[in-house]
Amino acid sequence: MKAIILKRYGGVDQLQLTEVPKPSIKPNELLISVKAVNIASGDYKINTLNVNVLLKPILRLVFGLFRPRQQIRGITASGVIAQLGSKVTNHLVGDEVYFINSMGAGCLADYVKLKDTAVMVKKPANISFIEAAPIAFGAMSALHFINDKTIHKDQNVLIYGASGSVGSYALQIAKYYGAKVTAVSSQKNHQALLGLGADQVIDYKKTDISTLDFKYDLIFDAVGKIKKKHVKHLLSETGKFYSILLPTKEDKQRLIVLNQMIEAGKLKTLLDGKYNINQYKTAHQKVYDGHKVGNVVIEWV
Ligand SMILES: NC(=O)c1ccc[n+]([C@@H]2O[C@H](COP(=O)([O-])OP(=O)(O)OC[C@H]3O[C@@H](n4cnc5c(N)ncnc54)[C@H](OP(=O)(O)O)[C@@H]3O)[C@@H](O)[C@H]2O)c1
């Protein structure tokens with residue numbers, strides 16, 4: 001089968017489209033025929049090890065010393081269940097699904113195998129495979145911070161870095177829960193963010209947000225670029241500050257909540273671009289550059 005492998009940690013020159021054996025599955029595993037693969041900022045960090053000095057040795061221990069033990073990369077994707085292991089009872093062949101497989105990866109291939117306990121749900125019928133592929137990365141991470149426990153109707157929320165994957169979903173999730181959302185991004189992305197429901201937009205290149213004269217109930221830094229001490233005077237008395245740099249949890253239950261929003265037409269995937277398999281280096285470079293708008297997805301046909 002076709003697969004994109006990472007020969008060694010590094011830039012896009014270390015990626016290669018090649019032929020590899022199709023995976024065989026154990027009784028508690030299932031095989032997915034991949035339809036679309038999300039290239040995430042998380043892939044960038046694992047593939048390049050371009051992370052802070054403390055995290056680097058941890059990633060090497062977890063994923064492999066000099067190159068990832070699983071050379072087929074791609075942590076989030078969508079597809080169709082092609083085969084079930086003999087002990088799998090909770091899925092059907094032909095189910096359309098989307099999922100995250102950060103520890104096992106392997107999504108950049110014709111087929112990926114997953115455990116029956118994988119963080120995976122059925123794809124709602126009202127979105128395409130391309131739109132579904134990034135949900136278990138950006139939207140699931142956003143829901144960790146923006147949810148019915150952290151915000152309430154009519155509260156004021158500021159999303160910093162709203163044009164990224166996490167940020168564009170966070171904005172919509174905040175709107176879903178009835179918040180008034182100020183979205184911070186560069187001006188070129190304002191139209192897209194207003195289209196996703198932002199009430200107000202601010203250009204981070206022109207306005208230093210620490211100079212704003214307003215109080216927010218929640219400030220969410222969706223790109224990990226600001227510190228609480230710079231914005232804490234903008235928080236209301238009970239206001240909260242969250243940064244995407246805090247750890248999040250991968251949880252299937254969250255995908256079920258996100259599916260309700262998708263089915264209600266309230267959560268859409270902002271696409272920077274759709275790429276074909278042969279454009280895999282361009283797609284990865286777009287992500288590695290750190291300025292994509294929403295999500296970069298490879299259509300796997
Ligand atoms: N903790 C976790 O579990 C977890 C989960 C998911 C993601 N993350 C991390 O969260 C971060 C964001 O992920 P992502 O996938 O959403 O990123 P992303 O999509 O790659 O972010 C790209 C966006 O960030 C904007 N941006 C870049 N620098 C900015 C700045 N200084 N101020 C405001 N906006 C800026 C860019 O807009 P411009 O072109 O206008 O600059 C671009 O639209 C990454 O570091 C990722 O590794 C952590």
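Let's start with the sheet, and please keep in mind that this is a predicted model. The sheet is open and has 5 strands, in the order β10-β9-β8-β11-β12, with parallel pairing. Which strands stand at the edges? They are β10, residues 200–203, and β12, residues 235–243. Each of these has a single partner strand, so one side of each is left without a neighbour in the sheet. On average, neighbouring strands here are turned by 15° against each other, if we ignore direction.

Let's look at one pair. Strand β9, residues 180–185, runs parallel to β10, and 4 bridges join them. If you want a spot to find on screen, look for alanine 183, which stands opposite valine 201 in β10.

Now add a helix. α5 lies across β8, β9 and β11, and runs at about 170° to β8.

Let's move on to the ligand. How many residues surround the ligand? The answer is 28, and the closest are Ser41, Ser163, Gly164, Ser186 and His291. Our helix α5 (165–176) comes back here: along with α1 (41–48) and α4 (135–145), α5 gives two or more residues to the shell. By class, that shell has 9 nonpolar, 16 polar and 3 charged residues.

Finally, the domains. The chain is divided into domain 1, which is 2–134 + 269–299, and domain 2, which is 139–243. Their centres, taken over C-alpha atoms, are 28 Å apart. In the contact between them, domain 1 takes part with 8 residues and domain 2 with 7. On the domain 1 side, those residues are 5 nonpolar, 3 polar and no charged. And the ligand shell draws at least three residues from each of the two domains. Thanks, everyone!

How values were computed. Residues numbered from 1 in each chain as written. Predicted model: local features only at pLDDT ≥ 70, side-chain atom pairs only at ≥ 80, totals over all residues. Near = placed C-beta within 6 Å. Nonpolar A, V, L, I, M, F, W, Y, C, P; charged D, E, K, R; others polar. Domains from an automatic or database assignment. Contact = placed C-beta atoms within 7 Å. Pairing = 2+ DSSP bridges. Axes fitted to C-alpha atoms, helices over the stretch in contact; angles between N-to-C directions.
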